[in-house]
Each structure stands twice: as structure tokens, then as C-alpha cells.
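I opened this entry to look up how the cysteines are paired and what sits in the interior. The model comes first, and my notes follow.

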Amino acid sequence: MKPSQFLASSEPPYQSPLVRRTQLATAAVALVLMGASEAQAQVCQTGLLDSYYNTSACSIGNVGLSWSQGGLISNVFSSAVVTPISGSSALGSYFGFRFSSAGGAPLMSKSISAADARVPNPAFDPANPTQGPQYLSYLQHTTVSSILNWTFTPTLSAQTRLTRLQVTTSGASARSVSQLPIQPVYFSNGEPDMNSGCGWEINDPVTNQWYYATQVCGGFSSGNNNYLTLASQPQYAQAVWSSISLSQPSEYRNDYCLENGAIVNTTATSCTSFLDLSGVALGAPISYGLVATTYAMGSGEPAGLIDETDPNYSSYGGQVEVGEAEFRIYYQSNVVPEPGTWALMAVGLGGLMLMTRRRRV
């Protein structure tokens, strides 16, 4: 066959079975890689939290993410804006999300008042005033909360290791306002009636005997708890602000951050908690959570007596909020390829060498 006839021929040049198998294998690997890149082609975008729950996967840089709803999503997050973040520092590369609220409002805000926890009078009859008021002078256990629990799984090569979990919140606050103990009624002998009033304790200096109220006063508690948890490991980063005022004249506060598990007390409204890791493999599910809770009376406590004639009654209650929140997951990738990668490279190079040799022949 002349050269011109060979060029015009539609019949392909001869290839050995080994070369053909090598080319097919290389093409198959390329298709798999293309499929993986297409599966992660959707880049995580800034948008409402609802938009993330309506999808199942996206990527930040070279980190692919897939997630599911792992808890209650309160309507307080309907205006929550999620912004993907990524970068690098001396701690390694990182990815994560920043949570804020549209319109400048706090990301989370919950409150409760004494009116929200009143105990209805079962005998109340609007047509018969002798049956008593609509509500009794007690508060019952009532909880108002917002919970976000977002579970996702990052995907990178097996050589990637987590180095640090970090949570930052700003504009976090919690407060509770309760009444002073209601003083008792005294018997004619000067002893206090323990079934009257609430929350008091009295010492008789003559007999050195203590008397305690059998009733607790209505009280309120508030706090927020923000966390980042590696599901398969008993390790977490956490930031908590809480305030409790239960039958106490003044508010009791316990505000802290966690730095590598160590409690760091703080009075600031912003906090960064972190946990350094020792090379945990990336790929396990991770949960990010925000919890804002305020309540009247603790769970299991009896109803608390409250004085509705107190001039400060309208201020009784609790309130908690978080302005913004952000989490980062730091990681490092080894430059040494995996054994499977070495094998794939060897097959590819071998195929190229055989093809080159055949062309020379």
C-alpha cells in the first residue's frame, strides 16, 4: 500500500492487544476522574441556610462536602446566611462556614417572660369570679429554644489529616432576671411558717436553729452552647455562655471558652474555642451545632411561687442571643502519593512507553 493510500484508508493502524487494553484502562480512569470532578463541580455558594438543606453536596476549594439534617432546624434560622470560607495559615489549610443573619439582626435570639410560664387555674370560670383568677401564682417548667445541628462529611484523599477544630462566636450574651425570695409569715411564737413565702432561709440566733422555705421561687435560666464534633472521636470544640438566676438575689454567671479542653473564663461577648488534633483522618462525619435555650424552672423542679404584685414583675424572664458564628476545620495533606496512585501512574507510564515503542517500529 502506498503512503497516500494509507492516509486515505479508513482502517486504523495495527495495535497490539496489550496497547489496546492499556488505552482502554487509561480512558476508564480518566472517565472516573472526570465523573468525580463533575460530582464536586457545584461550588458552595453564599446563601440562606435553607438553600444548603435543599441540596446534598458542594465543594469548598478541593474539599468536597456532603451533609444531612441531623437535628431540629428552628424557624429562627429562616434568615440565616451561610458563607463558605477557606484559606491557609501556619495551622494548615482550612475550610468552614460563617453564619450570620440577614438585615443585621442577631443570628439567634430567644426570650421568655413570667407570663410565658404561668400555671393555668383549672377551676377558672369567667362567669364565676369566685373560682379564682385565670392563672395561679406559680410558674411551671417551660423551655424556649433554637437548635441547629448540621452533620456533614468532608471528602479528600486518605493522606489528609485533620489538625484543628475551631468555633468562634461573637455578640453572645445571656441573662436572667428573677425576684427576691418572698419572705415568710410568722407564727405568734416568732417562728416562720415554712409553707409561706419561697426561697428563704432564716437562722434563729437564740437557738441557732435554721428554718427553710418548703417552696421554691419562680426562676429563670438562659444559655447558649456552640460546638463542633468529630462524630467518631470523643473530641470536640465548644463555646458556652450561660446565666442562671433561680431564687437568688443576684444573677449567677458562668461564661467560658474551651482551649484544648481547658476552661478559660471570660466576660467578653466573643469567644474562640479550639481543639488541636493529632492527625485524625479526614472523612468521618462532623457535626456543627448551635443551641440557644432559655427556660423557667428546671426540668423536674416543682412549680415555683412568684409574686405578681412585685413592681419588677414585668422584667422577670430570660434572654439569650448570638450575633454571628463561624467554624473552621484545619487539615494538612501529605505530598507522598498513595500506593494506588503510584500503581495508576506506573500503568500510565508503561502504556505510553509501549505506544512510543510501537510507533518507532
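I count a disulfide wherever two cysteine sulfur atoms lie within 2.5 Å. The model I am reading is a predicted one, and by that cut-off I find three disulfides in it.

I looked first at Cys198, which is joined to Cys217 by a disulfide with an S to S distance of 2.0 Å, and the link is right-handed, with 100 degrees about the S-S bond. Cys198 lies in the loop between β11 (173-177) and β12 (201-204) and Cys217 in the loop between β13 (209-212) and β14 (220-230), so the bond ties together parts 19 residues apart in sequence. Cys198 has a relative accessible area of 0% and is therefore buried, and I noted 0% and buried for Cys217 too.

I then turned to Cys44 and Cys58, whose sulfur atoms are 1.8 Å apart; the torsion about their S-S bond is about 85 degrees, so this disulfide is right-handed. Cys44 sits in the loop between α2 (17-39) and β1 (47-48), while Cys58 belongs to strand β2 (residues 57-60).

For Cys257 and Cys271 I read an S to S distance of 1.5 Å, with Cys257 in strand β16 (residues 252-259) and Cys271 in strand β18 (residues 271-281); both are buried. In sequence order, the bonded cysteines pair 1-2, 3-4, 5-6.

Last, I checked the interior: the largest nonpolar core has 47 residues, and Leu65, Phe97 and Ile329 are among those touching the most other members. Ile329 touches residues including Phe152, Leu162 and Ile286. I also noted a second, separate core of 10 residues, which includes Phe220 and Met297.

How values were computed
Residues are numbered from 1 along each chain as its sequence is written. This is a predicted model: local features need pLDDT of at least 70, side-chain atom pairs count only at pLDDT 80 or more; totals for chains, interfaces and linings use all residues. Side-chain values use heavy atoms; hydrogens and water are left out. A nonpolar core is a set of buried Ala, Val, Leu, Ile, Met, Phe, Trp, Tyr and Cys residues joined through side-chain atoms within 4.5 Å. Buried means under 20% relative accessible area, exposed over 50%, partly exposed in between (1.4 Å probe, protein chains only). Contact means heavy atoms within 4.5 Å. Helices (H or I, at least four residues) and strands (E, at least two) are DSSP runs, numbered from the N terminus. Lists of a residue's contacts leave out its neighbours within four places in sequence.
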